[in-house]
Each structure stands twice: as structure tokens, then as C-alpha cells.
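Thank you for asking me to look over this model before you take it further. My comments follow as numbered points, beginning with a single side-chain pair and widening afterwards to the whole chain.

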Amino acid sequence: MITILFAFTFLVGSAQEDGGKRLRNSRKNPRVKTRIGISPVIGLYKTNKNHTADTRPKMAFNISLKEEIRLDRNNKDFLMIGAEYMFHALNFNSYYFYSDSLQLYTADRLRYKYSLTIHEVDFPIQLKHSFQKETNTIFSSYIFAGYCYRWLIESNLKVSENGNELVNQREPLKFKSPAFNPVNSSFFNIGAGFQKNTTLMHNAVYAEIQFRYGLSPFYFNESFAPSSMFTNSHFIMLTVGFKI
């Protein structure tokens, strides 16, 4: 009986030790985690007031995929880099000039409805600071800020008068002050967030708010449209997502 008891105690102790090792191994803190998020977006547009009126944002959204790289052992400082797809759009009233017509800038001609939709890919580089140690708390809050490189990949312009469509075409947009290429520019961004952590797996779900300030207006040139069709674009993003 003593021998059986001893053997049983040894087996239980070994099993507990093996389980403890597996638990400790599973709790190792990885240096890189992946963040996936989706955001409704509020566009803040400012168009040339001399040539436009009644500027209004339309539905917009953003989908992001970023790698979060841990920078310290305290699990408070991180570098986030990745890629994002953003769709946004705006409506405004402006002038429309028919071929060989006089370009008269009178109030009664500021009645044509312009609708511009834009697809872009952004590449954020952000530093994040958490106010709590993310591996040792269920809830943590954080702030982040950084730089975002913009790339306009596709846009479409529609113009109508009293419901009659005059223009529906792909519209090449350019930035007034481009970064390396006419379709590239930048954002500065700042934000804050809150996340619920799974401390065993180092995963999380999060919600955050972010403001993006566009560094250059974009514009287009068409014979039927006024000159200097510059539009400044800034955005407020409300993001929900998860870290895996």
C-alpha cells in the first residue's frame, strides 16, 4: 500500500508539474500581435467656398490590419504598422460649363450637384502607450499617435442637374502638395482607446477613437468644372476590433 501510495503521489506531482510547464509556456508574451479593426468614418471636408456650396459628407468606412510590436518588457509601449482601406465620399453644389459656353460665375448657376466617391489605401505608423500593463489587467486604456501615408487608388465623379445626370466618370484626383507622387500624401493622427485583455492568451478586443488631419488638399481638373477645385479632408474614426 505504501508503495502504491508513493507511486500515485509521484504521478500526480509529475502531471501537475507538466501542466504547470504548459501553462507557463502558453503565457509567454509574444513580441508581435495582429490587430484587425473596422471603423465607421466621419468626413470633415472643406471645399473652395468661391466655387462650391452646401458641402456634405456621405457614408464612409475603414478596414485596418496592423501589426503591434511590443517595445518594452513592461507591456506598455508598442509600435503599430500596417495597411488600411478607406472608402469615403462627399456631395457639394458647384458650377457646370457646357462646351463653348461663357463661364459665368453667378449665384443662379451654383445649382449643379457634384458627387465624388474615393477609394484609398493608407499605411499607418503609430506609437501606442498603455496606462496599464496589458498582461496583468483585464481592462486597459491607451493613447496613440503617428503618421499615415495616403494613396488614392480610385475615384468617381457624378454631376447632375434637377435629377438629370450630366457626368458619370472615373475621376483622377491629385494632391496639391504631393508626397513623391501626385496621388500620395499624408495624415497626422492621434487617438485613444480602451481594451479588454485575455491575459492567458494575450489577446484583446478594443474600441478606440481617432482623428486624422490631412496635410494636403486634393483636387481635379475638368473643362466643365471651375478651376481650383481644392478639397481639404480630415476624418474622425470610431474603431472596434480585436487583437490576436
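1. In this predicted model, the side chains of Arg35 and Tyr142 are joined by a polar contact of 3.1 Å. Arg35 belongs to strand β1, which covers residues 32-47, and Tyr142 also appears among the residues that Arg35 touches once those up to four places away in sequence are set aside.

2. Is Arg35 buried or exposed? Arg35 counts as buried because its relative accessibility is 0%, below the cut-off of 20%. Its contacts, again leaving out residues up to four places away in sequence, include Ser64, Leu65, Lys66 and Glu68, together with Met80 and Lys128. Further along the chain, Arg35 also touches Gln195, Tyr206, Glu208, Phe242 and Lys243.

3. A second arginine deserves a separate comment. Arg70 is located in strand β3, and with a relative accessible area of 11% this residue is buried as well. A polar atom of the Arg70 side chain lies 3.3 Å from the backbone oxygen of Asp72. Beyond four places in sequence, Arg70 touches Asn29, Pro30 and Arg31 on one side of the numbering, and Asn75, Asp77 and Phe78 on the other. Asn29 is 41 residues away from Arg70 along the chain, and the C-alpha atoms of these two residues are separated by 9.3 Å.

4. Gly191 is part of strand β9, and its relative accessibility of 11% is why Gly191 counts as buried. Which residues does Gly191 touch, not counting those up to four places away in sequence? They are Ile143, Phe144, Ile209 and Gln210. Phe211 stands 20 residues from Gly191 along the chain, with 6.2 Å between the two C-alpha atoms.

5. The interior spaces should be described with their linings. The structure holds 3 cavities of 30 Å³ or more, and the largest cavity contains about 130 Å³ of space. Of the 18 residues that line the largest cavity, those nearest its centre are Asn29, Glu134, Thr135, His202 and Lys243. Strands β3 (61-70), β9 (184-198) and β10 (203-214) are the elements that each give two or more residues to this lining, and β9 gives the most, with 3 residues. Two of the central residues have already been mentioned, since Asn29 is touched by Arg70 and Lys243 is touched by Arg35.

6. What is the make-up of the lining of the largest cavity by class? The lining has 9 polar and 6 charged residues, along with 3 nonpolar ones.

7. Turning to the chain as a whole, the secondary structure consists of 1 helix and 12 strands. The order from the N terminus places the helix before the strands, as α-β-β-β-β-β-β-β-β-β-β-β-β. Among contacts between residues at least 6 apart in sequence, 72% join residues that are at least 24 apart.

8. Finally, the overall balance of burial and surface can be stated briefly. The chain has 244 residues, of which buried residues make up 42%. Arg35, Arg70 and Gly191 each count as buried. The chain exposes about 13,500 Å², and carbon and sulfur atoms supply 62% of that area.

Methods
Residues numbered from 1 in each chain as written. Predicted model: local features only at pLDDT ≥ 70, side-chain atom pairs only at ≥ 80, totals over all residues. Heavy atoms only, no water. Helix = DSSP H or I, 4+ residues; strand = E, 2+ residues; numbered from the N terminus. Buried < 20%, exposed > 50% of the residue type's maximum accessible area, 1.4 Å probe, protein only. Contact = heavy atoms within 4.5 Å. Areas by Shrake-Rupley, 256 points an atom, 1.4 Å probe, with all protein chains shown as cover. 1 Å grid on protein atoms, 1.4 Å probe; cavity = no way out; pocket = protein on both sides within 12 Å on 5 of 7 lines; lining within 4 Å. Points joined across faces, edges and corners; volume = space filled by probe spheres on them. Nonpolar A, V, L, I, M, F, W, Y, C, P; charged D, E, K, R; others polar. Polar contact = N/O pair within 3.5 Å; in protein donor to acceptor, adjacent residues only side chain to side chain.
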